[in-house]
Amino acid sequence: EHTAVRSAVGIFDVSHMGKVRIQGPGAVAFLNDLLTNDLDRITSGQAQYTMLCKESEVLSESGGVIDDLIVYRWADDDIFMVPNASNAPSVVAALRAAAPAGVEIVDLHNDLGIIAVQGPRSKALIESMGMPDDHDYMTMAESKFRGEPVTVCRTGYTGEHGYELVAPVSVLVELWDALLAR
């Protein structure tokens with residue numbers, strides 16, 4: 001895997017990661033009260049690495065980080081978040097507990113999967129699939145596979161050029177097979 005990612009392309013199923021949608025009026029403002037980074041520094045189609053912290057009256061008694069995660073901003077009222085796998089339930093619970101009326105927290109863990117495509121040849125592979133491949137780091141673009149929506153993210157985690165394809169589980173195996181066949 002290491003050699004493939006450093007010299008060509010590696011493909012990984014990272015569907016174990018959390019997948020959460022935050023929707024409703026004021027979603028960005030709500031998250032800005034909970035996250036360590038300012039979502040107003042990014043715009044639609046951009047992503048940001050940040051942390052979700054526990055509330056604390058006195059930091060020495062409680063507080064701390066619930067999870068580090070990536071937030072994808074589609075609009076002021078539509079955010080997609082990818083928390084780490086083991087912390088995803090805690091992230092969903094914390095968001096739901098703090099969400100104001102009108103802001104919905106949707107746990108999409110069982111509905112979506114994620115395939116990571118990482119390495120110097122990842123761009124060519126994504127292009128061969130007819131998906132957007134020329135967007136900047138920490139951005140995302142919408143695409144389709146077999147008529148289903150796919151979000152093509154450029155938030156690679158290996159240190160190499162890379163993408164993450166977020167797709168409905170109904171087409172995930174076919175998407176995996178199509179990537180391997182290229």
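Two strands count as paired if DSSP finds at least two bridges between them. With that in hand, here's a quick tour of this predicted model. Strand 5 is the place to start: V71 stands opposite M81 in that strand, and strand 4 and strand 5 pair in the antiparallel sense over 6 bridges. After that come the salt bridges, an aromatic pair, and a few loop residues worth a look.

**Strand 5 and its partners**

- Strand 5 covers residues 78–83, and 6 of its 6 residues are buried, so the strand is largely enclosed by the rest of the structure.
- Both of its faces are covered, with D78, F80 and V82 buried on one side and I79, M81 and P83 buried on the other.
- Strand 4 (residues 65–75) runs antiparallel to strand 5, with 6 bridges between the two.
- These two strands, 4 and 5, make a hairpin with 2 residues between them.
- Strand 2 (residues 20–23) is also antiparallel to strand 5, and 4 bridges join them.
- M81 turns up in both pairings: it is the bridge partner of V20, and it has V71 standing opposite.

**The aromatic pair**

- The count of aromatic pairs comes to 1.
- That pair is Y72 with F80, and it is tilted, at 5.9 Å centre to centre and 45° between the planes.
- Y72 has a relative accessibility of 4%, so it counts as buried.
- F80 is buried too, because its relative accessible area is 6% and the cut-off for buried is under 20%.

**Salt bridges**

- A search of the whole structure turns up 6 salt bridges.
- One of them links R21 and D78, whose closest N and O atoms are 2.7 Å apart.
- R21 sits in strand 2 and D78 in strand 5, so this pair ties together parts that are 57 residues apart in sequence.
- R21 is partly exposed, at 22% relative accessible area, while D78 is buried, at 17%.
- R73 and D76 also meet through their side chains in a salt bridge, at 2.2 Å from N to O.
- R73 counts as buried, with 7% relative accessibility.
- There's a network here as well: salt bridges link D40, R73 and D76.
- R146 and E174 form another salt bridge, with the closest N and O atoms 2.9 Å apart.
- R146 belongs to the loop between strand 8 and strand 9 and E174 to helix 5 (residues 169–181), so the pair ties together parts that are 28 residues apart in sequence.
- E174 is partly exposed, with a relative accessible area of 36%.

**R154: buried, with no salt bridge**

- R154 is in the loop between strand 9 (148–153) and strand 10 (162–168).
- This arginine is buried yet has no salt bridge, and D136, the nearest side chain of opposite charge, is 6.8 Å away.
- To put that in context, a salt bridge needs the nitrogen within 4 Å of a carboxyl oxygen.
- A polar atom of the R154 side chain does lie 3.4 Å from the backbone oxygen of H135.
- Leaving aside neighbours within four places in sequence, R154 is in contact with H135, D136, Y137, M138, T139, H161, G162, Y163 and E164.

**D133 and its contacts**

- You'll find D133 in the loop between helix 4 (122–128) and strand 8 (140–145).
- D133 counts as buried, at 10% relative accessibility.
- Its side chain makes a polar contact with the side chain of K123, at 2.3 Å.
- Not counting residues up to four places away in sequence, D133 touches K123, I126, E127 and Y163.

**Positive phi outside glycine**

- M138 isn't a glycine, but it has a positive phi of about 65°.
- Its place is in the loop between helix 4 and strand 8, and M138 is buried, with a relative accessible area of 16%.
- R146 is another residue other than glycine with a positive phi, near 55°.
- R146 is found in the loop between strand 8 and strand 9, and it is exposed, with a relative accessible area of 57%.

Key:
Residues numbered from 1 in each chain as written. Predicted model: local features only at pLDDT ≥ 70, side-chain atom pairs only at ≥ 80, totals over all residues. Heavy atoms only, no water. Buried < 20%, exposed > 50% of the residue type's maximum accessible area, 1.4 Å probe, protein only. Lys, Arg positive; Asp, Glu negative; His and termini not counted. Polar contact = N/O pair within 3.5 Å; in protein donor to acceptor, adjacent residues only side chain to side chain. Contact = heavy atoms within 4.5 Å. Phe/Tyr/Trp six-rings, centres within 6.5 Å; stacked < 30°, edge-to-face > 60°.
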